[in-house]
Amino acid sequence: MKPTVVIALGGNAILQRGEVLSAQNQYKNIAQVAEVVAGLVKNYRVVIVHGNGPQVGLLALQGALDQQTPAYPLDILVAETQGMLGYMIAQSLGQKENIPQVVSLLTRIEVEADDPAFQQPSKFIGPVYLPDQQHEPKLRYGWTMKADGQYFRRVVASPKPRKVVELASIKCLLDSDHIVVCAGGGGMPVVASQQGYCGVEAVIDKDLSAALLAEELHAEYLMILTDADAVYQDWGTPQARALRHVTPDVLRPFAAPDGAMGPKAEAVIAFVEQTGGTAFIGALADAEAILRREKGTCITPETSAVL
């Protein structure tokens with residue numbers, strides 16, 4: 001049986017920062033995703049998890065602007081983005097030759113109702129605002145705003161993922177040699193209750209959900225694809241250098257919650273430590289070379305890792 005790779009696509013894989021959030025722009029970027037996945041399916045069973053920060057934020061903004069209709073909660077908006085982006089990824093992959101059936105599966109992710117994240121919003125969603133514009137959405141919609149580089153963006157609760165509700169279905173699809181697009185936007189956040197699962201107002205980090213999914217699928221590989229070609233020591237300085245092969249202990253300082261690499265480092269560390277598998281962080285265009293360990297950053301449990 002072919003090894004399984006869970007691919008977590010950063011938001012930049014679907015929409016470049018500053019681009020208009022149009023269907024045309026998203027299809028243009030997803031075409032590169034399809035090209036990469038088409039090169040992997042001969043040798044791997046592929047699961048795709050994608051981000052949705054710009055898309056879910058736009059839907060929330062559109063809902064807030066409609067004075068006649070109460071705004072939809074975030075769990076429903078996450079479901080909408082899963083359907084939209086899953087459809088677009090499946091459409092683009094379907095245009096490639098010799099591609100297995102692609103299935104996009106709406107996926108719920110269980111979280112804990114008492115997760116501290118509900119009191120400490122941290123997940124960026126939606127458009128960016130200039131510093132002098134940040135007060136308008138705060139006053140108009142009651143949103144929490146935080147600095148994102150030189151801009152400001154809305155932040156929402158991002159609880160830790162605990163269980164993939166549709167795991168059995170995902171396994172069946174993989175066993176039938178399907179490409180599976182699932183847990184998009186981190187999955188719809190739900191909590192268990194006596195009446196069943198209830199949706200909650202949050203957006204789960206897609207890298208952490210991808211790591212949990214990879215662990216529960218017993219996947220051999222977790223690959224987080226982003227706009228950086230590797231993890232860099234001393235990033236932004238003349239001494240910057242790419243880390244090519246590291247252990248979780250070496251990567252742990254990068255898992256700071258306030259750093260851009262934080263959730264990605266946390267996700268790969270959790271996967272490697274829990275499973276003994278191999279994880280990668282790198283650029284979308286380098287995916288095949290990353291799996292050959294020629295590019296990107298490779299994270300393994302061996303104590304003799306070479307930097």
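Residues are taken as buried when their relative accessible area is under 20%, and in this predicted model that criterion is met in helix H2 by Gly53, Gln55, Val56, Gly57, Ala60 and Leu61. The elements that cover these buried residues include helices H1 (23-40), H3 (74-94) and H4 (135-141), together with strands S5 (123-129) and S7 (151-156). Helix H2 itself comprises 13 residues (53-65), for which a rise of 1.5 Å a residue predicts a span of 18 Å, and its end C-alpha atoms are indeed 18 Å apart, so that expectation and model agree.

Two packed helices are described by the angle between their axes and the distance between the axes. For H2 and H3, the axes come within 9 Å and cross at roughly 125°, and H2 is therefore oblique to H3. The crossing in which H2 passes H3 is right-handed. On the H2 side, the contact is formed by Gln55, Val56, Leu59 and Ala60, which meet Leu74, Leu77, Val78, Glu80, Thr81, Met84 and Leu85 of H3; by residue class, this contact consists of eight nonpolar, two polar and one charged.

Positive phi values occur at two residues that are not glycines, Asn98, with about 55°, and Arg293, with about 65°. Asn98 is located in the loop that connects H3 with strand S3 (102-105), and because its relative accessibility is 73%, which lies over the 50% limit, Asn98 counts as exposed. Arg293 is found in the loop between helix H9 (287-291) and strand S17 (297-299), where its relative accessibility of 45% means that Arg293 counts as partly exposed.

Definitions and conventions. Residues numbered from 1 in each chain as written. Predicted model: local features only at pLDDT ≥ 70, side-chain atom pairs only at ≥ 80, totals over all residues. Heavy atoms only, no water. Helix = DSSP H or I, 4+ residues; strand = E, 2+ residues; numbered from the N terminus. Expected span 1.5 Å × (residues − 1). Buried < 20%, exposed > 50% of the residue type's maximum accessible area, 1.4 Å probe, protein only. Contact = heavy atoms within 4.5 Å. Axes fitted to C-alpha atoms, helices over the stretch in contact; angles between N-to-C directions. Parallel < 35°, antiparallel > 145°, perpendicular 65-115°, else oblique. Left-handed = near helix turned anticlockwise from the far one by under 90°. Nonpolar A, V, L, I, M, F, W, Y, C, P; charged D, E, K, R; others polar.
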